[in-house]
Amino acid sequence: IFLDRDGTICVEKEYLRRPEEVELLSGAAEAIRLANQQGLKVVVVSNQSGVARGYFDEETVEQIHQRLTELLQAQGARIDGFYYCPHHPEGNPPYNISCTCRKPQPGMILKAARDLHLDIQRSVIIGDKASDIETAVNLHIPGILVLTGYGKTEWEGMRSHGNIRPVRVARNLLDAVQWWITRIKSEEMK
């Protein structure tokens, strides 16, 4: 399970800048713990253009991920890998590039799959933005949109003028993970 970070696991803060600002969304730890208990790998893939924009540095991103790890571990949940893209074409050097890792490009997912020996074709991407769903479409895998974070606004935009569609729209991460596990089990029964 590939998860977006802000707005999916954590409360959206419009550029989360400090570890002490990390706040888990309701049900997020339970969702990740459930995935862990099912033997599913859980990987965070997050665009962090705040680095390119000069709002914070990569060390801060790592500290935020450490804080997120601590909060999840306190509730019996774990992330198997963190991947982020610090780039943005309009950012500051050396991060001002058009890269293959910034969602909706598949670079982060491909790197995680290599590093962690994951089968992308048996994976799902869950996030609160159209770029998460577009990443899934680009990889020919399911994408689930959560209505937390920017999800409600993004879903309205997708419905009215977008051609990118999630396989499921979920209330939150727990709803998304429960649906995914049910789908996996039903496919195994066939």
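Begin by selecting strand β1 (residues 2-3) and strand β4 (residues 125-127) in this predicted model, where you will find that 2 bridges join the strands and that they run parallel. If you then pick out F2 and look across into β4, the residue you meet as its bridge partner is I125.

Now widen the selection to the whole sheet, which is open and is formed by 6 strands in the order β3-β2-β1-β4-β5-β6, with parallel pairing. Which strands lie at the edges? They are β3 (81-85) and β6 (168-170), each of which pairs on one side only.

Next, add helix α4 (residues 130-139), which packs on the sheet and touches both β4 and β5; the direction of this helix makes about 165° with that of β4.

Within helix α4, select D132 and ask whether this residue is buried or exposed. With a relative accessible area of 2%, D132 counts as buried, because the cut-off for that word is under 20%. Show its side chain together with that of K103, and you will see a polar contact between the two at 2.6 Å. Leaving aside neighbours within four places in sequence, the residues in contact with D132 are D4, K103, I125 and G127.

From here, turn to the largest nonpolar core, which has 32 residues, and select I9, I32, I126 and L173, the residues with the most contacts inside it. The elements that give two or more residues to this core are α1 (28-37), α2 (58-73), β5 (143-146) and α6 (173-189), and the largest share, 6 residues, comes from α6. In soluble globular proteins, nonpolar side chains tend to be buried together.

Keep I32 selected for a moment and display what surrounds it: neighbours within four places in sequence aside, I32 is in contact with L3, I9, V42, L72, A77, R78, I79 and L173. Apart from this core lies another, of 16 residues, and you can locate it by selecting some of its members, among them C85, C99, A113 and L139.

For the last stop, go to helix α6 and select R183. This residue is partly exposed, with a relative accessible area of 27%, because that value falls between the cut-offs of 20% and 50%. Not counting residues up to four places away in sequence, R183 touches P142 and V167. Finally, draw a line from the C-alpha atom of R183 to that of C85, a residue 98 places away along the chain, and the separation comes to 30 Å.

Technical notes: Residues numbered from 1 in each chain as written. Predicted model: local features only at pLDDT ≥ 70, side-chain atom pairs only at ≥ 80, totals over all residues. Heavy atoms only, no water. Core = buried A, V, L, I, M, F, W, Y, C linked by side-chain atoms within 4.5 Å. Buried < 20%, exposed > 50% of the residue type's maximum accessible area, 1.4 Å probe, protein only. Helix = DSSP H or I, 4+ residues; strand = E, 2+ residues; numbered from the N terminus. Contact = heavy atoms within 4.5 Å. Pairing = 2+ DSSP bridges. Axes fitted to C-alpha atoms, helices over the stretch in contact; angles between N-to-C directions. Polar contact = N/O pair within 3.5 Å; in protein donor to acceptor, adjacent residues only side chain to side chain.
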